[in-house]
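Please look through the sequence and the structure below before reading on. The report that follows goes through selected residues and the surroundings in which they sit.

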Amino acid sequence: MARSSLFTFLCLAVLINGCLSQIEQQSPWEFQGSEVWQQHRYQSPRACRLENLRAQEPVRRAEAEAGFTEVWDQDNDEFQCAGVNMIRHTIRPKGLLLPGFSNAPKLVFVAQGFGIRGIAIPGCAETYQTDLRRSQSAGSAFRDQHQKIRPFREGDLLVVPAGVSHWMYNRGQSDLVLIVFADTRNVANQIDPYLRKFYLAGRPEQVERGVEEWERSSRKGSSGEKSGNLFSGFADEFLEEAFQIDGGLVRKLKGEDDERDRIVQVDEDFEVLLPEKDEEERSRGRYIESESESENGLEETICTLRLKHNIGRSERADVFNPRGGRISTANYHTLPVLRQVRLSAERGVLYSNAMVAPHYTVNSHSVMYATRGSARVQVVDNFGQSVFDGEVREGQVLMIPQNFVAIKRASDRGFEWIAFKTNDNAITNLLAGRVSQMRMLPLGVLSNMYRISREEAQRLKYGQQEMRVLSPGRSQGRRE
């Protein structure tokens, strides 16, 4: 009996040890997305001051050779409370946003234009390869290999995990406008609640600093000076040995004479390998893999994750009112990689004078960027006090804290927005209309809550038959 018990104990110990080993060997991205990871956001070290919300605009702008970058204030109380930051890139035709990575995961909304981007996921293989001619006379070929490149267009939501390098290129004839949301209080960031951008090339101006740090730098006379890329801090001899290059190429690697900042103009001979056209793909396959890559489980999970989702197309609307507008959402159900970064987004379009019913987000903050038009927005806190009542117009950002109730009405020109959420499955709760809080309460409860008759309670409960996006209604007609 004792021998049997000992054998059972040893088997159990081996099983537990095997499970722990699998957890240790698991990718940090997979572990972060699992149910084991309960605490997915750092908490603010101080109480949030949210008595007076503001619609905010960028506080700084950095000019570059082929565009410019605008940033919002990281030290702002509302951004600090939510643990978020906002950036807007405007890239001119044939402009290239230099590759770099950040200490926090980001969502990028393509507000205008189209292009291509490359993302370098650590540990993933080079699944794209092609033969490039060194020179037509020599006839020799050079095989270039790199990770996959994907096109994007207006309305796309792009995901950039923390610590993963990526670049973006404008292939269109007009400016490419990118709205970047960074979750600095995400568990992936273990430094501090500030966005830090690490560039692999150039000497970009560090505009991601907060206003307080910016002012300290100004007093020291260093504001606006170019900082170095990652390689500029290393000794020349180390880089020469690491890359097997000469001193002249090391100086170029450090960007010592490079004043183009973070967005550079691309030369005419810019060549990257893209997937072939659909008819050629069917005959050749989507891309070529070497034998060493074919049975690697890592490539079949992380390395092939879909990192974009078009949230702007009307046919993908989750809520649609032909007289009022539409709302589309992107969460981990529609884009599974969002579970890894613990973020989601909402795209809204309101027609002239239409309204969004009073609502709140149950489990996340909501950072709303106005992409077109304007709207009057009201936000109420837990004391029943108005903390925001004003216009939000194109290019402005409004942070709506978790559980704060908001309502918005579009202007005559209509209103469009993208809202970034600090949860991978943000839940919206309505206070009016179908499937709202009022519909869930019995008439007897409603009549006693507000000291009204049963008939009045019935009108209150069933008067609004639309859901979330409301057509211009009777109150609008009375004002006109």
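Is Asn353 buried or exposed? With a relative accessible area of 12%, Asn353 is buried, because a residue counts as buried when that value is under 20%. This is a reading of a predicted model, and the confidence of the prediction therefore deserves a look before any further detail.

**Confidence**

The protein chain has an average pLDDT of 82, and 74% of the residues score at least 70. Two stretches call for caution: pLDDT stays under 50 over residues 14-38, for which the model has 29 contacts beyond four places in sequence, and pLDDT also stays under 50 over residues 218-223, for which the model has 4 such contacts. Where pLDDT is low, the predicted coordinates should not be read in detail.

**Two residues with positive phi**

Most residues other than glycine have a negative phi. Asn353 is not a glycine, yet its phi is positive, at about 65°. Asn353 belongs to the loop between strand S18 (344-350) and strand S19 (355-361). Lys94, also a residue other than glycine, has a positive phi near 65°, and Lys94 lies in the loop between strand S3 (84-91) and strand S4 (95-102). While Asn353 is buried, Lys94 is partly exposed, with a relative accessible area of 35%.

The loop between S3 and S4 also holds Arg92, which is partly exposed at a relative accessible area of 31%. Leaving aside neighbours within four places in sequence, Arg92 is in contact with Glu63, Ala64, Glu65, Ala66, Gly67, Phe68, Asn170 and Asp175. Arg92 and Gly113 are 21 residues apart in sequence, and their C-alpha atoms are 9.8 Å apart in space.

**Nonpolar cores**

In soluble globular proteins, nonpolar side chains tend to be buried together. The largest nonpolar core in this model has 58 residues, of which Met86, Val379, Leu398 and Phe420 touch the most other members. This core draws at least three residues from each of domain 1 (55-275) and domain 2 (312-470). A second, separate core has 21 residues, including Ala62, Val110, Leu178 and Val180.

What does Leu398 touch, if residues up to four places away in sequence are not counted? The contacts of Leu398 are Leu53, Arg54, Ala55, Ser366, Val367, Met368, Val377, Val379, Phe388 and Val392. Val379 thus appears among the contacts of Leu398, and both residues are named among those that touch the most other members of the largest core.

Another buried residue is His166, at 5% relative accessibility, and His166 is found in strand S11 (residues 165-170). With residues up to four places away in sequence not counted, His166 touches Leu98, Pro99, Gly100, Lys106, Arg117, Gly118, Ile119 and Val160.

**The disulfide**

A disulfide is a covalent bond between the sulfur atoms of two cysteines. The count for this model comes to 1 disulfide, which joins Cys48 to Cys81 with an S to S distance of 2.0 Å. Cys48 lies in the loop between helix H2 (28-33) and strand S1 (60-64), and Cys81 lies in helix H3 (residues 77-82), so the pair ties together parts that are 33 residues apart in sequence. The torsion about the S-S bond of Cys48 and Cys81 is about 95°, so the disulfide is right-handed. Cys48 is partly exposed, with a relative accessible area of 32%, whereas Cys81 counts as buried at 10% relative accessibility.

**Aromatic pairs**

A pair of aromatic rings is described by the distance of the centres and the angle of the planes. A search of the whole structure finds 5 aromatic pairs, and the table sets out two of them.

| Pair | Arrangement | Centre to centre | Between the planes |
|---|---|---|---|
| Trp72 and Tyr369 | edge-to-face | 6.1 Å | 80° |
| Phe415 and Trp417 | stacked | 5.5 Å | 20° |

The pair of Trp72 and Tyr369 links distant parts of the chain, 297 residues apart, with Trp72 in the loop between strand S2 (67-71) and H3, and Tyr369 in strand S20 (residues 366-380). Trp72 is buried, with a relative accessible area of 1%, and Tyr369 is buried as well, with a relative accessible area of 5%. In the stacked pair, Phe415 and Trp417 are likewise buried.

Methods. Residues numbered from 1 in each chain as written. Heavy atoms only, no water. pLDDT = per-residue confidence, 0-100. Contact = heavy atoms within 4.5 Å. Core = buried A, V, L, I, M, F, W, Y, C linked by side-chain atoms within 4.5 Å. Buried < 20%, exposed > 50% of the residue type's maximum accessible area, 1.4 Å probe, protein only. Domains from an automatic or database assignment. Helix = DSSP H or I, 4+ residues; strand = E, 2+ residues; numbered from the N terminus. Disulfide = S-S within 2.5 Å. Phe/Tyr/Trp six-rings, centres within 6.5 Å; stacked < 30°, edge-to-face > 60°.
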